[in-house]
Amino acid sequence: MLTARQVKACAIQAGADLCGIADVARFRDAPPETHPQSLFPEAQSVIVYASRILKGSYRGIQEGTEWSSYWTYSYGSGIYSSLGDATTALTNLLEDHGHEAVVSPGVHTLLDEAPPARPPLGPGRRPPCIALHMRLAAALAGLGEPGWSKVFLTPEFGPRQRFEILVTDAVLEPDPLLEEPICDHCLQCVRHCPGHALGGPRESTTVGDRTFAWGAVDCGKCKVTHWGLNPLASPFVKKDLPGMNMGIDKVTYDWYAAFRLGFALAPRIAYLDLVSKGSAEHGQGGRPGSICGAVGCIQACNAHLESRGGLKGGNKG
Ligand code: SF4
Ligand code: SF4
């Protein structure tokens, strides 16, 4: 019989850095559009695995010399190649043992949020557009917790990892939820966020006796900053769009409007256009680049957690 230990060893050997498992019972309060059994009715276990974001991929942004490495290697083909290898290896292992495995769709990472609830297309049907909530699935698999920034924190890499999720009918021993909180509410993420997007009203969810809480994120402010349209984070706007005077505190775009604005303006800003064209060659679909470099929510948080001496590094599976 396939064991949890074998599954996690497979993920790590294939290139993931972290792997944890939740049983489907932990999702009992999840709404249908994020429930594993909406995706795969026979689901028994949810496997969540992660690859680390390389610290060095931020160096060019920190030095003010190069903005494409983070976008290419810690968003695109670099990090998702190891996650893709792990997905293939895990799926092969599960199928070889007579099980089925379904990858939770990644559209939620494109939308930066769980899919909106939509009515079923007919009587007795499940809702369309199903994807598991990435951060909560990772928490339920015992890998860590959402920090106050809402970025997921692990004991190994703090805020520096990206995830994939497999839903399977294999019954696997679940990992315990993380007991010791990682986030100490230092607010370095909030102070260093050039999008002024973090630290909104408290939001939370409770699973069993564990409550996960974070500050609401203004996703519109984050997205225009992330796309390099906020002069507080991007040296390129004033040069190429001298008439544009975006005051981030006045921005009221929702995420979708900010997303579209990035696509509309990036081709008009020479460096963003260059990064965008480079990202197309690395499987990023020619989207505008990640110019902010997560300087608050990841970089400042990582520096704080490292200064506390609290990150383990290494693999966990
Ligand atoms: S920077 Fe501090 S408050 Fe923000 S998520 Fe990290 S530990 Fe929590
Ligand atoms: S990506 Fe940038 S703008 Fe968005 S929350 Fe992180 S630091 Fe703030």
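Is Leu 187 buried, exposed or partly exposed? I will come back to that residue in a few minutes, and before I do, I should say that what we are looking at is a predicted model, so please keep that in mind throughout.

Let me start with the protein as a whole, which has 13 helices and 8 strands. Its radius of gyration is 20 Å, and because the globule rule gives a value close to that, also 20 Å, for 317 residues, the protein is as compact as a globular protein of that length. If you follow the C-alpha trace along its principal axes, the spans are about 65 × 50 × 40 Å.

Turning to the inside and the outside, buried residues make up 50% of the 317 residues, while the surface that the protein exposes comes to about 14400 Å², with carbon and sulfur atoms supplying 53% of it. On the question of charge, there are 29 positive and 31 negative charges, and their mean positions are 6 Å apart. As for how the chain comes together, among the contacts with a separation of 6 or more, 75% are between residues 24 or more positions apart.

A good example of such a residue with distant partners is Gly 20, which is found in strand 1, residues 18–23. With a relative accessible area of 1%, Gly 20 is under the 20% cut-off and therefore counts as buried. If we leave aside its neighbours within four places in sequence, Gly 20 is in contact with several residues, including Val 46, Ile 47, Val 48, Ala 141 and Asp 175. Thr 87, for its part, is 67 residues from Gly 20 in sequence and 14 Å from it in space, C-alpha to C-alpha.

Next, please look at ligand 2, whose surroundings include Cys 193, Cys 222, Cys 292 and Cys 297, along with others such as Pro 194, Leu 198, Thr 225 and Val 295. The elements that give two or more residues to this shell are helix 9, residues 219–226, and helix 13, residues 295–307. Of these, helix 13 gives the most, with 3 residues.

In the loop between strand 8, residues 210–215, and helix 9, we find Asp 218, which is partly exposed at a relative accessible area of 28%. Not counting residues up to four places away in sequence, Asp 218 touches Ala 197 and Tyr 253. Asp 218 and Gly 208 are 10 residues apart in sequence, and yet their C-alpha atoms are 28 Å apart in space.

Finally, I come to the loop between strand 6, residues 161–168, and helix 8, residues 188–192, where His 185 lies. His 185 has a relative accessibility of 45%, and so counts as partly exposed. Its C-alpha atom is separated by 6.4 Å from that of Trp 148, although the two residues are 37 residues apart along the chain.

Leu 187 lies in that loop between strand 6 and helix 8 as well, and here is the reply to my opening question: Leu 187 is partly exposed, because its relative accessible area is 34%, and partly exposed covers what falls between under 20% and over 50%.

There is one more point about the backbone here. Most residues other than glycine have a negative phi. Against that background, phi of His 185 is near 60 degrees, a positive value, and phi of Leu 187, near 70 degrees, is positive too. When you turn the model on your own screen, you might begin with these two residues in their loop.

How values were computed:
Residues numbered from 1 in each chain as written. Chains lettered and ligands numbered in written order. Predicted model: local features only at pLDDT ≥ 70, side-chain atom pairs only at ≥ 80, totals over all residues. Heavy atoms only, no water. Helix = DSSP H or I, 4+ residues; strand = E, 2+ residues; numbered from the N terminus. Rg over C-alpha atoms; globule rule 2.2 N^0.38 Å. Buried < 20%, exposed > 50% of the residue type's maximum accessible area, 1.4 Å probe, protein only. Contact = heavy atoms within 4.5 Å. Areas by Shrake-Rupley, 256 points an atom, 1.4 Å probe, with all protein chains shown as cover. Lys, Arg positive; Asp, Glu negative; His and termini not counted. Charge placed at Lys NZ, Arg CZ, Asp CG, Glu CD. Near = heavy atom within 4 Å.
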